[in-house]
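Colleague: I am new to this structure and would like a close look at one part of it. Please take the pockets, and tell me what lines them and what lies around them.

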Amino acid sequence: MDLTQLISDDHQRAPKSKVLSAQFMRTLGYTWQFRRLLLTGFACALLFAGLHAASLAGALPVLKLILDEEGLHGWIDRTVASRRLGFEVELARRAEGAVLTVRRISPEHVLFKQGLGEGDLIEPLGLSEADWLASVARDKEGEAREFDAVDVSSGAAEGAPNLKLYAVTLRGLDFKEAAKFRLSQLVSRQTLEHDKFRVLVYILALVTLVAILANVFRFLAEYLVSQAVLHGMIRLRAQLYEKVLKLPMAFFTERGTSDLVTQFVQDIQEIQRGLLALFGKLVTEPLKAGFILTLAIFLDARLTLMVL
């Protein structure tokens, strides 16, 4: 067989089509006639993406509750207090007990210029380390807070620690820290300390409920979008049928009616599959990715940007 016979000439090839060609926009027009169903489906897809990201976020308090000795409230108190103080603190567990240290402080911070450095031990005045962090987290913006700190870099003797008194004005919270702190208030500290299993059951039940609601909205989104597409294809079939009835009889003598009907059915099925994939995957998946990326940035923006 001559292979050149399998290669069509340039004039026989289909012209290159644009992404937003007139035919493509005309096809979308059949579905857009049922835009109420379509837009409602898009709204359900948006709710599904948001609830899906929320169900993933529910794993964080579960891990903090089970694996981290610091606990859920301890973690939130520490992060919120670090935001208010303007430098990052860390609650370390040692043989002699829990100690509060400065983990990271900016050279531009006023306390850094006064001598407070990374690794210095913070000794709260009249409170335990955990209670002091909780009180700092609850304080309002602009209030003054005093604390003693041990300069570990000075090489002072163990019996005579180099204590220095510091005073700092508490800062306001951004949306992230404020949201974390408000959500933590939904769980009682006493209940969490005495019955962690019950709190764990409540959190898992809430995550399960959110996951179920997310999948309900996912089903509604797919159902409404498919209904809009199917109604559009029914209208397209009706127009094709009206067009065929107006064709001259000579047209049917050249090509059989069976071939014509088969071509209509197959072409419309392919258009239907393409529109379902377009409105299904092209809308739902970017929304899911956007909400999950937003969640990752909300939890740790620096780590997220580093991974990206």
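Modeller: What follows starts with the whole protein, goes through the two pockets, and ends with the aromatic pairs.

This is a predicted model, in which local features need pLDDT of at least 70 and side-chain atom pairs count only at pLDDT 80 or more, while totals for chains, interfaces and linings use all residues. Residues are numbered from 1 along each chain as its sequence is written, and side-chain values use heavy atoms, with hydrogens and water left out.

The protein has 12 helices and 5 strands; these are DSSP runs, helices being H or I with at least four residues and strands E with at least two, numbered from the N terminus. Of the 308 residues, 31% are buried, where buried means under 20% relative accessible area, exposed over 50%, and partly exposed in between, for a 1.4 Å probe and protein chains only. Among contacts between residues at least 6 apart in sequence, 66% join residues at least 24 apart, a contact being heavy atoms within 4.5 Å.

Now the largest pocket. Its volume is about 940 Å³. A pocket is an open set of points on a 1 Å grid over the protein atoms alone, where a 1.4 Å probe fits, with protein on both sides within 12 Å along at least five of seven lines; lining residues have an atom within 4 Å of a point. Grid points are joined across faces, edges and corners, and the volume is the space filled by probe spheres set on the points. The lining has 30 residues, of which Ala-57, Gly-58, Pro-61, Leu-183 and Leu-206 are the closest to the centre. Elements giving two or more residues to this lining are α2 (35–57), α3 (59–66), α4 (72–85), α7 (175–184), α9 (196–245) and α11 (257–299). The largest share, 6 residues, comes from α9. By class, the lining of the largest pocket has 23 nonpolar, 6 polar and 1 charged residues; Ala, Val, Leu, Ile, Met, Phe, Trp, Tyr, Cys and Pro count as nonpolar, Asp, Glu, Lys and Arg as charged, and the others, Gly among them, as polar.

The second largest pocket holds about 800 Å³ of space. Of its 22 lining residues, Thr-79, Glu-88, Lys-176, Glu-177 and Arg-302 are the closest to the centre. Two or more residues each come from α3, α4, β2 (97–104), α7 and α12 (301–307), and α4 gives the largest share, 5 residues. The classes in the lining of the second largest pocket are 6 nonpolar, 4 polar and 12 charged.

Last, the aromatic pairs. The whole structure has 5 of them; rings of Phe, Tyr and Trp (its six-membered ring) pair if their centres lie within 6.5 Å, and planes under 30 degrees apart count as stacked, over 60 as edge-to-face and the rest as tilted. The rings of Phe-42 and Phe-279 have centres 6.0 Å apart and planes at 50 degrees, so this pair is tilted. Phe-42 lies in helix α2 and Phe-279 in helix α11, 237 residues apart. Phe-42 is partly exposed at 22% relative accessible area, whereas Phe-279 counts as buried at 12%. Phe-87 and Phe-147 form another tilted pair, 6.3 Å centre to centre with 50 degrees between the planes. Phe-87 sits in the loop between α4 and β1 (88–94), and Phe-147 in strand β4 (residues 144–150). Phe-87 is buried at 3% relative accessibility, and Phe-147 is buried at 0%. Together with Trp-132 and Tyr-166, Phe-87 and Phe-147 form one aromatic cluster.
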